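Student: Please take a close look at one part of this model for me. I want to know what it packs against, and how the sheets elsewhere are put together.

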Amino acid sequence: MRFLRTQSLKVTVAFALLTLCFVANICTGSTGISLRAVIDYIFGNTDEELSFIIGSIRIPKALTALFVGMSLSAAGLVMQTLFRNRLAGPYVLGLSSGSSLAVAFLLMGNSILQGSLSNFLNQPYAIALASFAGSLAVLFLVLGIAKRVADSSTVLVAGIMISSFAGAITGVLSYFTTAENLQRYTFWSMGSLANLTGIELLILVVVSIVGLLLFLPKLGALDSLILGDQYAQSMGVALQQARFYLILVTALLVGVSTAFCGPIAFVGLAVPHLSRQLYSVNTHQKLFPLTVATGGTIMLLADLLCKLPIEGWNLPINAVTSLIGAPVVMYLILKNRNV
Amino acid sequence: MELRLENLVIGFEKKQLNELFSANFKAGNVYAILGQNGIGKSTLLKTIAGILEPIGGSCIWDGTNLKQLTPEQRAKEVAIVLTGRPFVADLTVEELIGLGRNPHKSWFYKESATDRALCHEAATICNCLPFLNKKAVELSDGQFQLVMLARAVAQDTPILLLDEPTTHLDPAKKSELLFILHKLAYEKGKLVLFSTHDVEFMFEAVKEVLVCTSDGFKLEHIDAIKDTAAINRIFPSKFLTYSEKLQQLKYR
C-alpha cells in the first residue's frame with residue numbers, strides 16, 4: 001500500500017483494519033449477529049440470549065485470536081532479526097514443538113509416572129508454565145547452535161531436527177498413555193482458539209500485553225542487530241544481555257499462546273513479511289506496531305474463515321493459517337533465492 | 001585529542017596475536033594499519049571498537065579508557081566499518097544509514113531533525129545520494145561499501161575505524177574514498193584509522209602507518225617503508241619488490 005506515506009497513517013490504517021476484523025469476527029458464526037446488535041450490546045440493551053453469545057462466546061474467542069496473533073507475530077519478527085533469517089519463526093525453529101513436548105509430558109506423562117503432583121499439574125497455569133519452559137529450552141538450544149554455525153540454513157535444519165526429536169518423544173508418550181489423556185493432548189495439539197476459561201483468557205491477555213510492552217525498549221537494539229552481532233556491538237548494544245532479554249520475552253509470548261491454543265502454524269513467520277510488504281517499512285520502531293496489528297488482523301481473519309464454510313462447524317485453525325502461511329513462505333523462497 | 005594504545009596485546013582466548021606495543025594516533029589525521037593476512041589488523045580494529053576484549057593493556061581516548069565506557073557511550077566515540085557484506089534484510093539505503101543514529105536515540109524518542117540532518121550530511125559526504133531510496137541488497141559491492149561508510153559517519157563519532165575499505169572498489173571509487181577519508185579527518189577533525197594491504201592506496205592516503213609484522217607492531221613514517229627491504233619485512237615474498245621510480249609494488 002504505497003499510497004500510505006506517513007507512519008501515523010500506516011498505523012491508523014493497520015489498527016482500523018484490526019478493529020474491522022474484530023467486529024466482523026464477532027458478527028460471524030452459526031448465529032448471524034448484525035453490527036446493530038453488537039453496538040446495542042456495548043450499550044447494554046440486548047436480550048439475554050444474544051448477550052450471552054456475544055459476551056461469553058464471541059468476544060472471548062475474538063480476544064484470544066487477537067492476542068495470539070499479536071504475540072506470535074511479534075515473536076516471529078524478533079526471531080527473524082535475532083537469527084538474521086527470513087524464515088525464522090516460532091513454528092519453524094521448533095519452539096512450538098518444545099512447548100508441545102512439555103505440555104505432552106504434563107498431559108500424558110503423569111498417568112505414566114503416577115506423579116503425586118497431578119493436582120498441581122491440572123491447573124491452567126501449569127500448562128502455561130510448561131509451555132513457556134519448553135519453548136524457552138528450544139530457543140536457547142537453537143540459539144546455541146546458531147552461535148556455533150554461521151550458516152543460517154543450518155540453523156533452520158537444526159530447528160526442524162529438534163522438532164522431529166520432540167515429536168518422537170511425544171509419540172512415545174502418546175503410545176503409553178491412556179486414551180483419555182491422549183485425547184486431551186490431541187485436541188490441544190490441533191490448535192483451537194475456543195474454550196479458554198476466564199482465568200486462562202486473563203493469563204493470555206495479561207502476559208501478551210506485558211510481553212509486547214517489554215519488547216518496546218529493545219526496538220532500537222533490534223534495528224542494530226539486523227547488521228549482525230559485531231555491528232550491533234559497535235552501535236552500543238550490550239549483546240549478551242540484549243539477546244538473553246529478547247529470547248526470554250519471545251519464549252514467554254510463544255509459550256503462553258501455545259499453552260492455551262496449541263501450536264499455531266505459520267503466523268509468526270508470515271505476518272512480519274506481510275507487514276513489510278504491505279506497509280514498506282523495515283526498521284523495528286516502525287515495523288513493530290504494524291506487525292502486531294497485522295498479526296491480530298490475520299488471526300481474526302483466519303478464525304473468521306474457520307467459521308465460514310460449513311454451517312455450525314469450525315475448521316481447525318491450523319488448517320487455515322497454513323493455507324495462508326505456506327504460500328507466503330513459497331513466495332519468499334522464490335523471490336529471494338538467497339534466504 | 002589523541003588515541004593512545006598502551007601496552008596493548010590483542011588476540012583471542014587461545015591465541016595471542018602480538019607482543020605488547022604502544023602507539024599514539026592524533027585526531028584530525030588519517031592512519032593506516034599495514035600487514036599481511038592474519039597478522040591481526042582486523043582484531044586490532046575490533047579491539048579498539050570494543051567488539052573484542054584486549055588480552056592486555058588499554059585503549060585510551062582523550063584520557064578515558066574505552067573499556068570503562070558502557071557500550072552506548074563507546075558507540076558515541078568509535079564507529080567501525082567491517083569487511084564483508086552483512087545481511088541487511090529489506091532495508092533501504094536511507095534506513096541503513098539511519099541505523100548509525102541508534103546509539104544517540106532512546107527508545108521512545110523519534111528521529112529528530114538533527115538525526116535527519118546528520119544522515120543527509122553523511123550520505124552527501126559519501127556520495128550515496130543517488131541511490132538513497134534503493135534497497136541495500138540491490139547495490140553493487142562498491143556502492144555498498146560507501147553506504148556502510150556513510151552509516152558510520154552518521155554515527156557522528158570522533159574516531160572512525162575501517163577494515164579493508166578499498167576491497168571491492170574500482171579505481172574511481174578508491175579515489176572517492178581517499179577524498180572522503182581526507183575530508184573527514186582534515187575538515188571534520190576525526191581520527192581515521194583503516195587497515196589495508198593495498199599499498200598504493202595507502203601511500204596516497206597517509207603519512208604515518210602502523211606496521212604490523214610478526215616481530216611487532218610499530219608506528220612508522222610512510223617514507224620509511226618505501227623500499228624493497230621494508231616491504232619484504234611486512235610482506236615476506238621473494239617475488240615482491242618496491243619500485244622507487246613508479247612508487248609502487250612490482251611482482252617479479
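Tutor: Here is one helix with its neighbours, followed by two sheets.

The model is predicted, so local features need pLDDT of at least 70 and side-chain atom pairs count only at pLDDT 80 or more, while totals for chains, interfaces and linings use all residues, and side-chain values use heavy atoms, without hydrogens and water. Residues are numbered from 1 along each chain as its sequence is written, with chains lettered from A and ligands numbered from 1 in the order in which they are written.

Start with helix α3 of chain A, residues 48-82. Helices here are DSSP runs of H or I with at least four residues, strands are runs of E with at least two, and both are numbered from the N terminus. Two packed helices are described by the angle between their axes and the distance between the axes. The axes are lines fitted to C-alpha atoms, for helices over the stretch in contact, and angles run from 0 to 180 degrees between N-to-C directions.

Take helix α9(A), residues 198-215, as a partner. Its axis and that of α3(A) come within 10 Å and cross at roughly 30°. The two helices are therefore roughly parallel (under 35 degrees; over 145 is roughly antiparallel, 65 to 115 roughly perpendicular, and the rest oblique). Their crossing is left-handed: the near helix is turned anticlockwise from the far one by less than a right angle, whereas clockwise would be right-handed. Residues in contact (heavy atoms within 4.5 Å) include A:P60, A:L63 and A:F67 of α3(A), and A:L201, A:L204 and A:F215 of α9(A). This contact has 14 nonpolar, three polar and no charged residues. Ala, Val, Leu, Ile, Met, Phe, Trp, Tyr, Cys and Pro count as nonpolar; Asp, Glu, Lys and Arg count as charged; the others, Gly among them, count as polar.

Helix α12(A), residues 239-261, also meets α3(A). Their axes come within 9 Å and cross at roughly 145°. This crossing is left-handed too. Contact residues include A:T64, A:V68 and A:L82 of α3(A), and A:R243, A:L246 and A:C261 of α12(A). By class there are eleven nonpolar, four polar and one charged.

Helix α13(A), residues 267-279, packs on α3(A) at about 80°, with the axes 7 Å apart. The pair is therefore roughly perpendicular. Among the contact residues are A:G69, A:L72 and A:G76 of α3(A), and A:G268, A:P272 and A:R276 of α13(A). This contact divides into six nonpolar, six polar and one charged.

How does the record label this chain? An unreviewed UniProt entry lists transmembrane regions in chain A, including residues 53-79 and 196-216. UniProt positions follow the numbering used here, feature names are shortened, and annotations may be inferred rather than shown by experiment. Residues 196-216 are 86% helix and 0% strand, with end C-alpha atoms 28 Å apart.

Now turn to chain B. One open sheet has four strands in the order β2-β1-β4-β5, with antiparallel pairing. Two strands pair if DSSP finds at least two bridges between them. β2(B) (21-26) and β5(B) (64-65) stand at the edges with a single partner each, so one side of each has no neighbour in the sheet. β4(B), residues 56-61, pairs with β5(B) over two bridges, and B:I60 has B:N65 as its bridge partner. Helix α1(B), residues 41-49, lies across β1(B), β2(B) and β4(B), at about 115° to β1(B).

Another open sheet in chain B has six strands in the order β6-β7-β8-β3-β9-β10, with mixed pairing. Its edge strands are β6(B) and β10(B). The twist averages 20° from one strand to the next. β3(B), residues 30-35, runs parallel to β9(B) and shares five bridges with that strand. β9(B) and β10(B) run antiparallel with six bridges, forming a hairpin with two residues between the strands. Helix α5(B), residues 141-154, lies across β6(B) and β7(B), at about 175° to β6(B). Helix α6(B), residues 171-186, packs on the sheet too, touching β3(B), β7(B) and β8(B).
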